[in-house]
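Student: I'd like a close look at one part of this model, the smaller details around one loop and whatever surrounds it. Could you take me through it in one go?

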Amino acid sequence: MRILVVEDDAGIAHGLKLALGQQGWAVDCVENLSMAWAALCVEAFDAVLLDLGLPDGDGITLLRKVREAPPGGMPDPSMPLIITTARDQVVARVNALDMGADDYLTKPFDSVELAARMRAVQRRVVGRSQTVLKHKELVVNPSTRQVTQAGQPVEVSVREFGVLLTLLEASPRILSRQQIETRIYNWEQAIESNAIDVHIHYLRKKLGDGLIQTVRGMGYFIPEEKST
């Protein structure tokens, strides 16, 4: 999952980046509304964590602009957006939720709870009710980052898990290398030209060659599981 954190407190932003990065998510941070809008217009994020009290205005302004954006463009008006703020008044929560926020957390909050709420929002976005993803004998648990094949645990790296989860959630759509990269790497991380190929090579060694398919010149996909 690719996340944009809009937070002007450098300490809080750094803490969120570390905590969410431990979940295997790619996290980018900006400190004001103008930087956030610029980022959302050029990058596809899976979720936004938005503070309200920002140096150049109220975060509600960005929430409104995102929700009023034209469908099919950038930013995506249906993008999950979670408010993270010190404002704990009921009227502030109601206003943000009525304006289109997907969730509202008041500071200080527990990063474990935040991660759980983000996973719940993401499940709603992709229309998935189950907390785990299954494909034949493969089971992937996003909350624990555990992978099992035929009931046996499979050890995967953080990046391998990110690639696998990205392809499973998109199945059976084909994703290009760039699309996969943008989901698992943030702006600060250097990416080798063959990084995704290497991750998929190791996933195939661990999970079998038949799971992840290649479409030459286009990218990778996991075929839809056929019902019997």
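At its relative accessibility, does Lys136 count as buried or exposed?

Tutor: Lys136 counts as exposed, because its relative accessibility is 63%; the cut-offs are under 20% for buried, over 50% for exposed and partly exposed in between, with a 1.4 Å probe and protein chains only. Before going on, please keep in mind that this is a predicted model, where local features need pLDDT of at least 70, side-chain atom pairs count only at pLDDT 80 or more, and totals for chains, interfaces and linings use all residues. Residues are numbered from 1 along each chain as its sequence is written, and side-chain values use heavy atoms, with hydrogens and water left out.

Back to our residue: Lys136 sits in the loop between S8 and S9, where helices (H or I, at least four residues) and strands (E, at least two) are DSSP runs numbered from the N terminus. Its backbone deserves a look too, since phi of Lys136 is near 55°, a positive value in a residue other than glycine. Most residues other than glycine have a negative phi, and most peptide bonds are trans. Ala150 also has a positive phi near 55°, and this residue belongs to the loop between S10 and S11. Ala150 counts as partly exposed, because its relative accessibility is 47%.

Both loops connect strands of one sheet. Four strands make up this open sheet, in the order S8-S9-S10-S11 and with antiparallel pairing; two strands pair if DSSP finds at least two bridges between them. Strand S8 (133–135) and strand S11 (152–153) are at the edges with a single partner strand each, so one side of each has no neighbour in the sheet. Further in, strand S9 (residues 138–141) and strand S10 (residues 146–149) are paired antiparallel over four bridges, and Leu138 stands opposite Gln149 in S10. Helix H6 (residues 158–170) packs on the sheet, touching S8, S9 and S10, and its direction makes about 110° with that of S9. Here contact means heavy atoms within 4.5 Å, while axes are lines fitted to C-alpha atoms (for helices over the stretch in contact) and angles run from 0 to 180 degrees between N-to-C directions.

S8 and H6 turn up again when we look for empty space. About 290 Å³ of space lies in the second largest pocket, and 13 residues line it, with Leu133, Lys134, Leu168, Glu169 and Ser171 nearest its centre. The elements giving two or more residues to this lining are S8 and H6, and S8 gives the most, with three residues. By class, the lining has five nonpolar, three polar and five charged residues, where Ala, Val, Leu, Ile, Met, Phe, Trp, Tyr, Cys and Pro count as nonpolar, Asp, Glu, Lys and Arg as charged, and the others, Gly among them, as polar. On a 1 Å grid over the protein atoms alone, a pocket is an open set of points with protein on both sides within 12 Å along at least five of seven lines, a cavity is a set where a 1.4 Å probe fits but cannot get out, and lining residues have an atom within 4 Å of a point. Points are joined across faces, edges and corners, and a volume is the space filled by probe spheres set on them.

Glu169 also leads us to an enclosed space. One cavity of 30 Å³ or more is found in the whole structure; the largest cavity has a volume of about 180 Å³. Its lining has 17 residues, and those nearest its centre are Met1, Trp25, Pro142, Leu165 and Glu169. H5, H6 and H7 are the elements that give two or more residues to this lining, with H6 giving the most, five residues.

Just past H6, Ser171 is joined to Pro172 by a cis peptide bond, with omega about 5°. Pro172 lies in the loop between H6 and H7. H6 has one more part to play: helix H5 (111–126), H6 and helix H7 (177–184) each supply at least two residues to the lining of the largest pocket. That pocket has a volume of about 570 Å³, and among its 24 lining residues Ala44, Phe45, Asp46, Arg173 and Arg183 are the closest to its centre.
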